Amino acid sequence: MLPFDPPVFHFLNANAQSPLWWIQASRFASNWLPTLCALPVIAAMLALGKGWRRSLQLALLSMAVAWIACRLIRWGIPMPRPAQLGMGHQWIQHGSSASFPSMHAAGAFALAMGVNLGVGRHQRWLLICSWTLAIGVALSRVVLGVHFPSDILAGMLTGAVSAALVWRSTLHIKQAQRRKRLKQRLQPQTS
């Protein structure tokens, strides 16, 4: 836990005086939003063109890489959740697994960064939507009391970096394949 975690956590964590709609919206963002975001992505992969399909596949691969990275970090740095330390109010059922980094935040930010890298500036509405949803999912985890702010920040960073690595690796592979094809075309044919 970092020094800024307790004050920021207590500020964001919902309590008995918090409006019920805020708690319900956070539950929705935490429990249902990830699933509801996956459905349009899968539908788009089936319905849209090859370029969109490739971009969405890379975004989903980014989420898988973020999940693996979170698992490895949690194995190496097993940090407790706020409720395990007797802090704040926990508004959803949650086990006592390690909390650093937040897998919800990592997955949401991997998807948002993957969409960002795939569609670029041309589909601004999609970028705004994906980043807004990612922030909503991440924030909901602190509001509901299952993560510290540092867990969220680490998850956001893990997700964004995972997406960037997936996209950069894909770009390097494509460039290597192009160079190989060009080299084969330029070599003299031997009979």
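Which residues is Ala 134 in contact with, leaving aside its neighbours within four places in sequence? I looked this up first, and I found Ala 108, Phe 109 and Ala 112.

**Entry 1: the ground rules.** I reminded myself that this is a predicted model, so I am reading computed values here.

**Entry 2: the overall fold.** I counted the elements next and got seven helices and zero strands in the chain. Reading along the sequence, I noted the pattern α-α-α-α-α-α-α. I also checked the extent of the C-alpha trace, which spans about 80 × 35 × 25 Å along its principal axes. The chain has 191 residues, and buried ones make up 38% of them. For the contacts between residues at least 6 apart in sequence, I noted that 79% join residues at least 24 apart. The exposed area of the chain came out at about 11400 Å², with carbon and sulfur atoms supplying 68% of it.

**Entry 3: the cores.** Back to Ala 134, which turned up again in the largest nonpolar core, a set of 15 residues. Phe 9, Leu 33, Ala 134, Ala 138 and Ile 152 are the members that touch the most others. I then asked which helices feed this core, and α3 (33–47), α5 (103–119) and α6 (124–143) each supply at least two of its residues. There is also a second, separate core of six residues, and I jotted down Ala 59, Val 115, Leu 126 and Leu 127 as being among them.

**Entry 4: Thr 158.** Is Thr 158 buried or exposed? I had it down as a polar side chain to check, and I found it in helix α7, which covers residues 149–186. Thr 158 is buried, because its relative accessible area of 12% falls under the 20% cut-off. Where does its side chain turn for a polar partner? A polar atom of the Thr 158 side chain lies 2.7 Å from the backbone oxygen of Ala 154. Setting aside neighbours within four places in sequence, I listed the contacts of Thr 158 as Ala 66, Ala 69, Cys 70, Ile 73, Pro 101 and Ala 106.

**Entry 5: a surface patch.** My last stop was a nonpolar patch on the surface, formed by Leu 2, Phe 4, Val 8 and Leu 153. Together these four have about 320 Å² of accessible area. I placed Leu 2 in the segment before α1 (5–12). Leu 2 counts as partly exposed, because its relative accessibility is 44%, between the 20% and 50% cut-offs.

How values were computed: Residues numbered from 1 in each chain as written. Predicted model: local features only at pLDDT ≥ 70, side-chain atom pairs only at ≥ 80, totals over all residues. Heavy atoms only, no water. Helix = DSSP H or I, 4+ residues; strand = E, 2+ residues; numbered from the N terminus. Buried < 20%, exposed > 50% of the residue type's maximum accessible area, 1.4 Å probe, protein only. Polar contact = N/O pair within 3.5 Å; in protein donor to acceptor, adjacent residues only side chain to side chain. Contact = heavy atoms within 4.5 Å. Areas by Shrake-Rupley, 256 points an atom, 1.4 Å probe, with all protein chains shown as cover. Core = buried A, V, L, I, M, F, W, Y, C linked by side-chain atoms within 4.5 Å. Patch = residues over 30% accessible without salt bridge, like charges linked within 9 Å, V, L, I, M, F, W, Y side chains within 5 Å.
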